[in-house]
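Trainee: Please take one part of this structure and go through it closely. I am new to it, so start with whatever I need in order to follow the strands.

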Amino acid sequence: MSDHMPQACPLPRETPAEARRGFLSNFLMILGLVAGYGLGLFHFLRYLVPLHRKTPRRELFAGTLAELPVGSSRTLKDLRGEGITLARVADVPDDPARGFRALSSVCPHLGCKVHWESANNRFFCPCHNGVFDKDGIAVSGPPAHEKKNLSTFEVKVNKDNGWVYVLVSGESGHA
Ligand code: FES
């Protein structure tokens, strides 16, 4: 009876070369999966948290120091056509740019035109008596109630020639 028992068939054994090939192909497969999922994860996270990209800025020529005495102001337009009020509020000889304020001339309440009042050292919106201090902080009227300040722009002065620039977004708004 034991003569008819089926004999267990021995499993074919891997040669060392086959084992190396198997290991290498598994390794490459895992590497491919890790790279693929990693790239997918990277793009997913980038979609969720966009990389901080600096918006390019342009220098908008506003005039010279001589043309802009303390107390004066002028209105400019950025590349999108939005109004900016540039006011010289003080004379700061060692850093003239600090004597300027460049603020949006569009009232954050309902969009009327804001202007600089040198005598009162403030920006004023005549539509509903909106008042902003020299830094564009709303201090009374509807903008103050709504806690809406004027947006600000950086000012740069070339000390060599006295040219004054307002730094605005380099994007024109036209896609
Ligand atoms: S629009 Fe300027 S206060 Fe209303």
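Mentor: Two strands count as paired if DSSP finds at least two bridges between them. Keep in mind that the model is a predicted one. The part I will go through is strand S4 and its surroundings, but the overall layout comes first. The protein has 2 helices and 10 strands. Along the sequence their pattern is α-β-β-β-β-β-β-β-β-α-β-β. Of its 175 residues, 20% are buried. If we take the contacts between residues at least 6 apart in sequence, 44% of them join residues at least 24 apart.

Now to S4, which covers residues 100-104. This strand is mostly covered, with 4 of its 5 residues buried. S4 has an antiparallel pairing with S3 over 5 bridges. One of the positions to look at is Leu86, whose bridge partner in S4 is Ala102. S4 also pairs with S9, again in the antiparallel sense, over 2 bridges. Here Ala102 appears again, as its bridge partner in S9 is Phe153. Ala102 therefore has a bridge partner in S9, and is itself the partner of Leu86. In general, the strands of a sheet pair through backbone hydrogen bonds, either parallel or antiparallel.

The contacts of Ala102 fit with these two pairings. Setting aside neighbours within four places in sequence, Ala102 is in contact with Ile84, Leu86, Thr152, Phe153, Val155 and Val166. Both bridge partners, Leu86 and Phe153, are thus on the contact list.

The next step is the core. The largest nonpolar core holds 24 residues, and the ones with the most contacts inside it are Leu86, Ala102, Val155, Val164 and Val166. Two or more core residues come from each of S1 (57-64), S3 (83-88), S4 (100-104), S6 (122-125), S9 (152-158) and S10 (163-169). S10 gives 4 residues, the largest share. Three of the residues named for this core, Leu86, Val155 and Val166, are also in contact with Ala102. As a general point, nonpolar side chains tend to be buried together in soluble globular proteins.

S6 is a useful link to the rest of the model, for it gives residues to the core and also belongs to another sheet. That sheet is open and has 4 strands in the order S5-S6-S7-S8, with antiparallel pairing. At its edges are S5 and S8 (138-140), each paired on one side only. From one strand to the next the twist averages 40 degrees. S5 and S6 run antiparallel and are joined by 3 bridges, and His115 has Phe124 of S6 as its bridge partner.

Two loop residues flank S6. Asn121 is in the loop between S5 (115-117) and S6, while Asn129 is in the loop between S6 and S7 (130-132). Neither is a glycine, yet phi is positive in each: near 55 degrees for Asn121 and about 55 degrees for Asn129. Their surroundings are described by neighbour counts. Asn129 counts as exposed because it has 11 C-beta neighbours inside 10 Å, and the limit for exposed is 12 or fewer. Asn121 has 13 other C-beta atoms within 10 Å, so it is partly exposed.

Notes:
Residues are numbered from 1 along each chain as its sequence is written. This is a predicted model: local features need pLDDT of at least 70, side-chain atom pairs count only at pLDDT 80 or more; totals for chains, interfaces and linings use all residues. A nonpolar core is a set of buried Ala, Val, Leu, Ile, Met, Phe, Trp, Tyr and Cys residues joined through C-beta atoms within 7 Å. Two residues are in contact if their C-beta atoms, placed from the backbone, lie within 7 Å. Axes are lines fitted to C-alpha atoms, for helices over the stretch in contact, and angles run from 0 to 180 degrees between N-to-C directions.
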